[in-house]
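Subject: Structure handover

Hello,

Here is the structure you were expecting. Please open it alongside this message; my notes follow below.

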Amino acid sequence: MSTQHDQIFAQPQRVSDFRFDDKVAAVFPDMISRSIPGYAEILSTLGQLAHRFVTPGSKVYDLGCSLGAASIAMRRGIRHDDVKIVAIDNSEAMIRRAEEHLQAFVSAVPVELHCADIRAVDISDASMVVLNFTMQFLAPEDRDALIAKIYAGMRPGGLLVVSEKLNYRQPKIHQLLDDLYLDFKRGNGYSELEISQKRTALENVMKPDTLETHQARFAAAGFSESEVWYQCYRFASMIAIK
Ligand code: GEK
């Protein structure tokens, strides 16, 4: 699968709100791997977690699947042939390309792709649910209901993985971890102009929560245990067990 270099914000432009359109979908693998520390490690751990948590005859959900990278990673770990992965994204450009990505890898585990809003889909009989950097794009007031719906649709003992960009409660810590994150982006070849224009584009679109908010939400939904398993600068991946 050819991957184009992300140059979307390289030239000065009148910046509008970020959208997951065709232009973004075309450069997405390059964009996400240069923008999220630990993205590759998080994906490979999703495979390990799928190996341990996905049970026979159950469903696995990849919510906000983009090009299907998490589904591809989980497929590698799943040990049962009567499992189905349901991968959902509301960007048509992403879903179209996800189809091609998934076909490029052979697997016995079927992946059903849907172009839909994750707030509107049914979740049932799930042994594993993944929100890999998706919930941050939902309106904050919709997040509690989404996690509660996921909990209700999961089998006991099932695993929820939520990876997100974070805000920190303490201002000096927040500033420091943000600065370190910007250094990470510079180190991956993004210019100051690209960094600042992308930031402006995301301002109204991506609203990070604090870790405390995430933890309280998992507990309120009924998850018996939750923890951060990966954290770097402004990013974390969390697990919650029903
Ligand atoms: C990965 N998980 O590579 N309903 C469905 N999809 C949505 C919604 C919604 N309400 N809101 C946003 N999306 C992927 C990466 S990217 C993360 C996920 C990022 C989709 C949106 O279209 C986009 O494809 C995805 O969530 C977020 O593991 O770009 O930082």
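Start with F133. It is buried, at a relative accessible area of 6%. F133 sits in the loop between β4 and α5. Its phi is positive, about 65°, although F133 is not a glycine. Most residues other than glycine have a negative phi. Keep in mind throughout that this is a predicted model.

D125 has a positive phi as well, near 55°, and is likewise a residue other than glycine. D125 belongs to the loop between β3 and β4. Buried or partly exposed, at 36% relative accessibility? D125 counts as partly exposed, because buried means under 20% and exposed over 50%.

S124 is in the loop between β3 and β4. With 31% relative accessibility, S124 is also classed as partly exposed. Setting aside neighbours up to four places off in sequence, S124 contacts K59, Y61 and G153. S124 and V60 lie 64 residues apart in sequence, yet their C-alpha atoms are 9.3 Å apart.

**The cores**

V60 leads into the nonpolar interior. The largest nonpolar core has 44 residues. Which of them touch the most other members? They are F18, M31, L46, V60, I78 and M128. Beyond four places in sequence, V60 is in contact with V54, M74, I78, V83, K84, I85, V86, S127 and M128. Apart from this core lies another, of 29 residues. Its members include I123, L211, A221 and F223.

**Helix α3**

Helix α3 spans residues 69–77 and is mostly covered. Seven of its nine residues are buried. Which ones? The buried residues of α3 are A70, S71, I72, A73, M74, R75 and G77. M74 also appears among the contacts of V60. The cover over the buried residues of α3 includes helices α2 (39–53) and α4 (92–103). Strands β1 (59–63), β2 (84–89), β3 (111–115) and β4 are part of that cover too.

**The ligand**

There are 22 residues around the ligand. Which come nearest? Y39, G64, S66, D89 and N132 do. By type, the shell divides into 12 nonpolar, seven polar and three charged residues.

Three polar approaches are worth a look:

- G64: a backbone N or O atom is 2.8 Å from a ligand nitrogen.
- D89: a polar side-chain atom is 2.6 Å from a ligand oxygen.
- D117: a polar side-chain atom is 3.1 Å from a ligand nitrogen.

On its own, the ligand has 660 Å² of accessible area, and the protein covers 94% of that.

**Buried polar and charged residues**

Q136 is in the loop between β4 (126–132) and α5 (143–152). That is the loop given for F133 as well. How accessible is Q136? Its relative accessibility is 3%, so Q136 counts as buried. Leaving out residues up to four places away in sequence, Q136 touches R143, E164, K165, V205, M206 and K207.

R34 is part of helix α1 (residues 22–35). At 9% relative accessibility, R34 counts as buried. Its side chain makes a polar contact with the side chain of D30, at 2.9 Å. D30 is four places before R34 in the numbering. In an α-helix, with 3.6 residues a turn, residues three or four places apart point the same way. Outside its close sequence neighbours, meaning up to four places away, R34 touches H5, D6, F184, K185, N188, G189 and Y190.

K185 is one of those partners. It is found in helix α6 (residues 171–187). K185 is buried, with a relative accessible area of 6%. Leaving aside neighbours within four places in sequence, K185 is in contact with R34, S35, Y190, I195 and K198. Y190 is thus listed for K185 and for R34. How far apart are the C-alpha atoms of K185 and P37? They are separated by 9.0 Å, while the two residues are 148 apart along the chain.

When you go through the model, I would take the ligand shell, then the buried polar and charged residues, then the two positive phi values at D125 and F133.

Best wishes

How values were computed. Residues numbered from 1 in each chain as written. Predicted model: local features only at pLDDT ≥ 70, side-chain atom pairs only at ≥ 80, totals over all residues. Heavy atoms only, no water. Helix = DSSP H or I, 4+ residues; strand = E, 2+ residues; numbered from the N terminus. Buried < 20%, exposed > 50% of the residue type's maximum accessible area, 1.4 Å probe, protein only. Contact = heavy atoms within 4.5 Å. Polar contact = N/O pair within 3.5 Å; in protein donor to acceptor, adjacent residues only side chain to side chain. Near = heavy atom within 4 Å. Areas by Shrake-Rupley, 256 points an atom, 1.4 Å probe, with all protein chains shown as cover. Nonpolar A, V, L, I, M, F, W, Y, C, P; charged D, E, K, R; others polar. Core = buried A, V, L, I, M, F, W, Y, C linked by side-chain atoms within 4.5 Å.
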